[in-house]
Amino acid sequence: MTGIIFDLDGTLWDSTDEVAIAWNQALRGFSKIVHTLTGDELKREFGKPLEEIMDNLFPGLSGPEKEELAACLYQAENERVESAPCILYDRMPETIRRLSETYPLFIVSNCQKGYIEAFLKNTGLGGYFKDFTCPGDTGRLKGDNIRIIMERNGIEDAVYVGDTQGDADACRKAGIPMIYAAYGFGDVEGDYETIHSFDALLHIDYEGMKLRSK
């Protein structure tokens, strides 16, 4: 195994309550929106394509209105999560540090440009990840972005750590195995290597996963 690629929300951390605060503050400038969002609502949406999230949460807006609103929401979100007390999954930072001693680590998330950078600034873990990307950088979704990361870094074999069916579908498209983070936001269909705590990644047989996936 030559690389471990991570999802972000629901896998490395839970920022939903802080994002809800940022979005609700930004929404005050839009007279057509009277709904107050909650972290639980955002948990059901995070990980989906950005356009789908806007369609689900704000179905009454026109396309241009959604684009204008999205720009404001994501700017407010990035600014807040750079320093907000987001929830880091138990033993995540120390596990990342230990894994990085053996494997190159990467992040691929279905998020806007600047969000992964905000996570890295907040946690101080930027030095442990070799590369990252997202639709905000490439205009492509997760399955394609996994391949982009692998090709850009000369990674022949990789495993993805994620928490939703969308992650599982992206791994299938990219042709790599997935580790299901069952503590996260979603469920997956099928038989996957499963972890119930982040530090369980220290005990995975990554070479065995590669062989089983062939």
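**Notebook: sheet and pocket**

I began with one pair of residues: isoleucine 195 in β8 is the bridge partner of alanine 181. The model I am reading is a predicted one.

Entry 1, the strands. I looked up how β7, residues 178-181, meets β8, and found parallel pairing over three bridges. I recalled that strands of a sheet pair through backbone hydrogen bonds, in either the parallel or the antiparallel sense. I then traced the whole sheet, which is open and has six strands in the order β5-β4-β1-β6-β7-β8, with parallel pairing. I noted β5 (131-133) and β8 (193-195) as the edge strands, each pairing on one side only. From one strand to the next, I recorded an average twist of 25°.

Entry 2, the helices on the sheet. I found that helix α6, residues 115-123, packs on the sheet and touches β4 (105-108) and β5. The direction of α6 makes about 140° with that of β5. I also looked up helix α8, residues 142-152, which lies across β1 (4-6), β4, β5 and β6 (159-162). Relative to β5, α8 runs at about 155°.

Entry 3, the largest pocket. I noted about 240 Å³ of space in the largest pocket. Which helices each supply at least two residues of its lining? I found α3 (50-57) and α4 (63-81). The largest share, five residues, comes from α4. Among the lining residues I listed Leu50, Glu51, Lys66, Tyr74 and Gln112. I sorted the lining by type and obtained five nonpolar residues, one polar and four charged.

How values were computed:
Residues are numbered from 1 along each chain as its sequence is written. This is a predicted model: local features need pLDDT of at least 70, side-chain atom pairs count only at pLDDT 80 or more; totals for chains, interfaces and linings use all residues. Side-chain values use heavy atoms; hydrogens and water are left out. On a 1 Å grid over the protein atoms alone, a cavity is a set of points where a 1.4 Å probe fits but cannot get out, and a pocket is an open set with protein on both sides within 12 Å along at least five of seven lines; lining residues have an atom within 4 Å of a point. Grid points are joined across faces, edges and corners, and a volume is the space filled by probe spheres set on the points. Helices (H or I, at least four residues) and strands (E, at least two) are DSSP runs, numbered from the N terminus. Ala, Val, Leu, Ile, Met, Phe, Trp, Tyr, Cys and Pro count as nonpolar, Asp, Glu, Lys and Arg as charged, and the others, Gly among them, as polar. Two strands pair if DSSP finds at least two bridges between them. Axes are lines fitted to C-alpha atoms, for helices over the stretch in contact, and angles run from 0 to 180 degrees between N-to-C directions. Contact means heavy atoms within 4.5 Å.
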